[in-house]
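Hi,

Here is the structure I promised to pass on. Have a look at it first, and then read on for what turned up.

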Amino acid sequence: MKSFKFELSFPGDLKSVRAFCMGVRDLLRNVWPDKEQLVQDVELCLMEALSNVIFHAHKDRPQKIIRFQILGRQKDVVIRIYDSGIGFNLDRAAVQLPALQDDHGRGLFVILHLMDDVSYQKNKQWNRTEEHTSELQSH
């Protein structure tokens, strides 16, 4: 199993985020060609987390920069997203599956169900969302 670390900063607009997520997906497919479900789960969680940054933390201010980091190790993957927007309290977030007719509100629910561990940290300079999935062999 190959290990890697990849970091990038980019503008927080939807066009950049979608292109970025597709690039990460392609990278992961090259690293783990036999782990397609894991690749899809990571891409979905990444897209949802970045969408939350755009629509909630940065409140549609695309000039704000998002910093991304992914660590792929022998048995796990760690995704870190740094933003400078409005923070939230993950422990207090009402995480439930929204009604089928709702067109929003699924992101955090999806992330918490697909990742083994999710944490959120806020300080005066940045917010960090960390998503972790372990035991690559089980995916």
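To start with a small puzzle: how far does the backbone nitrogen of serine 84 lie from a polar atom of the side chain of histidine 58? Keep in mind while you look that this is a predicted model.

The distance is 3.4 Å, from that nitrogen of serine 84 to the polar side-chain atom of histidine 58. You'll find histidine 58 in the loop between H2 and E2. Is histidine 58 buried or exposed? Its relative accessible area comes out at 0%, so histidine 58 is buried, given that the cut-off for that is under 20%. Setting aside residues up to four places away in sequence, histidine 58 touches Val53, Lys64, Ile65, Ile66, Asp83, Ser84 and Gly85. While you are in that part of the chain, check lysine 59 just after H2, which has a positive phi of about 50°.

Now the helices. H1 covers residues 14-31, and its 18 residues should span 26 Å at 1.5 Å a residue; the end C-alpha atoms are indeed 26 Å apart, so the two agree. Its buried residues are Val17, Phe20, Cys21, Val24, Arg25, Leu28 and Val31. Looking down the axis of H1, you'd see these buried residues fall within an arc of 145°, so they line one face of the helix. There is a simple rule behind that kind of pattern: an α-helix has 3.6 residues a turn, so residues three or four places apart point the same way. On the face of H1 turned away from the buried side sit the exposed residues Lys15 and Asn30.

What covers the buried residues of H1? The cover includes strand E1 (4-11), helix H2 (36-57) and strand E2 (65-72). At the N-terminal end of H1, aspartate 13 acts as a cap, with a side-chain oxygen 3.2 Å from the backbone nitrogen of lysine 15. As for H2, its 22 residues reach 30 Å from first C-alpha to last, close to the 32 Å expected at 1.5 Å a residue.

Next, the salt bridges. The whole structure holds 8 of them. One joins the side chains of arginine 25 and glutamate 43, at 3.3 Å from N to O. That pair links distant parts of the chain, since arginine 25 is in helix H1 and glutamate 43 is in helix H2, 18 residues apart. Both arginine 25 and glutamate 43 are buried. They also belong to a salt-bridge network that links Arg18, Arg25, Asp26 and Glu43.

Another salt bridge runs between arginine 29 and glutamate 36, with the closest N and O atoms 2.8 Å apart. Here arginine 29 is partly exposed, at 33% relative accessible area, and glutamate 36 is partly exposed too, at 29%. Then there is arginine 73 with aspartate 76, whose closest N and O atoms are 2.7 Å apart. In this pair arginine 73 is partly exposed at 37%, whereas aspartate 76 counts as buried because its relative accessibility is 12%, and buried means under 20%.

Aspartate 76 brings us to strand E3 (residues 76-83), where 8 of the 8 residues are buried. Which way do the side chains of E3 point? Asp76, Val78, Arg80 and Tyr82 go one way and Val77, Ile79, Ile81 and Asp83 the other, with all of them buried. That is how a regular strand behaves: side chains alternate between the two faces of the sheet.

E3 has partners to look at as well. E2 and E3 run antiparallel and are joined by 6 bridges, and they form a hairpin with 3 residues between them. Across that pairing, isoleucine 70 stands opposite isoleucine 79 in E3. E3 also pairs with strand E5 (residues 127-134), again in the antiparallel sense, over 8 bridges. There, isoleucine 81 has threonine 129 in E5 as its bridge partner.

One last stop is lysine 5, in strand E1. At 53% relative accessibility, lysine 5 counts as exposed. Lysine 5 and leucine 71 are 66 residues apart in sequence, yet their C-alpha atoms are 4.5 Å apart in space. Leaving out neighbours within four places in sequence, lysine 5 is in contact with Gln69, Ile70 and Leu71. The side chain of lysine 5 also makes a polar contact of 3.4 Å with that of glutamate 7.

Cheers

Terms used: Residues are numbered from 1 along each chain as its sequence is written. This is a predicted model: local features need pLDDT of at least 70, side-chain atom pairs count only at pLDDT 80 or more; totals for chains, interfaces and linings use all residues. Side-chain values use heavy atoms; hydrogens and water are left out. Helices (H or I, at least four residues) and strands (E, at least two) are DSSP runs, numbered from the N terminus. The expected span of a helix is 1.5 Å times one less than its number of residues. Buried means under 20% relative accessible area, exposed over 50%, partly exposed in between (1.4 Å probe, protein chains only). The arc is that of the directions from the helix axis to the C-beta atoms. Contact means heavy atoms within 4.5 Å. A polar contact is a pair of N or O atoms within 3.5 Å; within protein, one must be able to donate a hydrogen and the other to accept it, and residues adjacent in sequence count only if both atoms are side-chain atoms. Two strands pair if DSSP finds at least two bridges between them. A salt bridge is a side-chain nitrogen of Lys or Arg within 4 Å of a carboxyl oxygen of Asp or Glu.
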